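Here is a short tour of a protein model, written for someone who likes to have the numbers at hand. Please keep the viewer open while you read.

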Amino acid sequence: MLLLKPIFDLPAISTGFPSYLALGEFNNPPQLSDLNGFSFDNGDIQALRRCKPGACLIQAPASSIEDFHRSIDWSASDVNAQVNELSRKTALQFLLAYQQDGNQVFGIYNDKRKPTEVAQQFTYMLSYDNGLMERLPEFYQYLLSYPNAKPASVENTFYWAKVKFGLKPTLRIVHVVTMRGNPADEVAYAIAEKQLYSSHYFSTALDLSFCVRGSEDPKNQGFYLIMAMGSEQAGLTGFKGSIVREAAVSRSVSSLRNALTTIRNTLESK
């Protein structure tokens with residue numbers, strides 16, 4: 001997985017996860033060509049055609065829903081290509097705005113009757129546990145205030161993925177924040193995968209990984225790898241919602257288990 005890039009090569013990890021249908025890393029600065037392969041399936045394109053604020057099967061702000069209706073010729077034979085070209089341009093503009101202004105560009109998802117303020121949801125989710133704020137305050141603050149207050153030991157990378165952890169493929173854009181500890185620090189690495197956008201299921205999500213030194217003895221330099229996943233879901237209520245939520249959570253847990261197994265096997269083979 002990309003979150004482990006400081007330790008492993010991307011191809012060696014990502015190929016171990018069949019739920020990843022496509023994956024791409026952004027250049028610095030991001031370019032439109034970085035999004036080759038970032039595309040909606042036909043079912044989602046038809047859902048976009050029927051979208052209206054407050055009733056849409058794709059997570060999106062009202063402005064994006066209106067852009068698709070205004071800009072796409074839905075009767076054209078190349079409608080799928082039009083939709084995916086616009087979605088890539090929109091994704092690039094969004095990422096560039098986020099790199100400039102941070103969480104405030106998240107906006108509001110208007111696909112459900114009750115709007116979701118994404119930045120507020122992320123702040124709420126990050127407050128679940130005080131441990132991160134107490135033990136790694138600079139890392140915690142940077143997740144909230146990016147691109148401001150950047151610690152000197154932090155690196156940023158960005159990627160997109162088409163992943164299937166529910167009942168349908170989901171497009172995601174993710175910010176990876178990697179903090180390298182000093183040799184004397186208990187935490188050698190802290191890595192956060194911060195979801196910037198998801199077309200389905202999760203209004204916001206954050207995966208955390210910590211490489212914690214296990215011994216001060218230089219002859220016995222083991223470590224603990226701690227991984228945690230958090231998310232906020234909107235609209236997954238009722239009978240159908242409970243099925244979707246169970247499937248999405250189950251696949252997320254399975255991916256986490258597979259990641260840890262792959263990491264252990266990779267380390268043991270070296």
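The report below goes from the whole chain to one helix, the nonpolar cores, the salt bridges and a single threonine.

## The chain as a whole

What you see is a predicted model. The protein chain contains eight helices and eight strands. It has 270 residues, and 46% of them count as buried. Its accessible surface comes to about 14,200 Å², with 50% of that belonging to carbon and sulfur atoms. If you take the contacts with a separation of 6 or more, 59% of them are made by residues 24 or more positions apart.

## Helix H4

A good place to zoom in is helix H4, which covers residues 79–101. From first C-alpha to last, its 23 residues reach 32 Å, close to the 33 Å expected at 1.5 Å a residue. Several of its residues are buried, including Val79, Val83, Leu86, Leu92, Phe94, Leu95 and Tyr98. The buried set also has Gln82, Asn84 and Ser87 among its members.

What do the buried residues of H4 pack against? Their partners are two kinds of element: helices H2 (42–50) and H3 (62–71), together with strands E4 (154–163), E5 (170–180) and E6 (187–198). After H4 comes Gly102, with a positive phi near 75°.

## The nonpolar cores

The largest nonpolar core has 52 residues, and the members that touch the most others are Val83, Leu132, Phe139 and Leu143. H4 supplies the largest share of this core, eight residues. Apart from it lies another core of five residues, among them Tyr159, Ala161, Val174 and Val176.

Phe139 is worth selecting in the viewer. Leaving aside residues up to four places away in sequence, Phe139 touches Leu132, Val177, Met179, Ala190, Ile191, Ala192 and Leu208.

## Salt bridges

The model has five salt bridges. Three of them are listed here, with the distance between N and O atoms.

| Basic residue | Acidic residue | N to O distance |
|---|---|---|
| Lys162 | Asp41 | 2.6 Å |
| Lys89 | Glu85 | 3.3 Å |
| Arg135 | Glu186 | 3.8 Å |

The side chains of Lys162 and Asp41 meet in a salt bridge. This pair links distant parts of the chain: Lys162 sits in strand E4, while Asp41 is in the loop between strand E1 (20–25) and H2, 121 residues apart. Lys162 counts as buried because its relative accessibility, 11%, is under the 20% cut-off. Asp41, at 32%, is partly exposed.

Lys89 and Glu85 both lie in helix H4, four residues apart, about one turn of the helix. Lys89 is partly exposed at 37% relative accessibility, and Glu85 is partly exposed at 42%.

Arg135 and Glu186 form a salt bridge too. Here the pair again links distant parts of the chain, with Arg135 in helix H6 (residues 131–135) and Glu186 in the loop between E5 and E6, 51 residues apart. Are these two residues buried or exposed? Arg135 counts as exposed at 66% relative accessibility, and Glu186 is exposed at 51%.

## A threonine to finish

Thr204 is part of strand E7, residues 202–213. Its relative accessible area is 0%, so Thr204 is buried. Not counting residues up to four places away in sequence, Thr204 touches Gln121, Phe122, Met125, Gln195, Ser231 and Glu232.

Definitions and conventions: Residues numbered from 1 in each chain as written. Predicted model: local features only at pLDDT ≥ 70, side-chain atom pairs only at ≥ 80, totals over all residues. Heavy atoms only, no water. Buried < 20%, exposed > 50% of the residue type's maximum accessible area, 1.4 Å probe, protein only. Contact = heavy atoms within 4.5 Å. Expected span 1.5 Å × (residues − 1). Core = buried A, V, L, I, M, F, W, Y, C linked by side-chain atoms within 4.5 Å. Areas by Shrake-Rupley, 256 points an atom, 1.4 Å probe, with all protein chains shown as cover. Salt bridge = Lys/Arg side-chain N within 4 Å of Asp/Glu carboxyl O.
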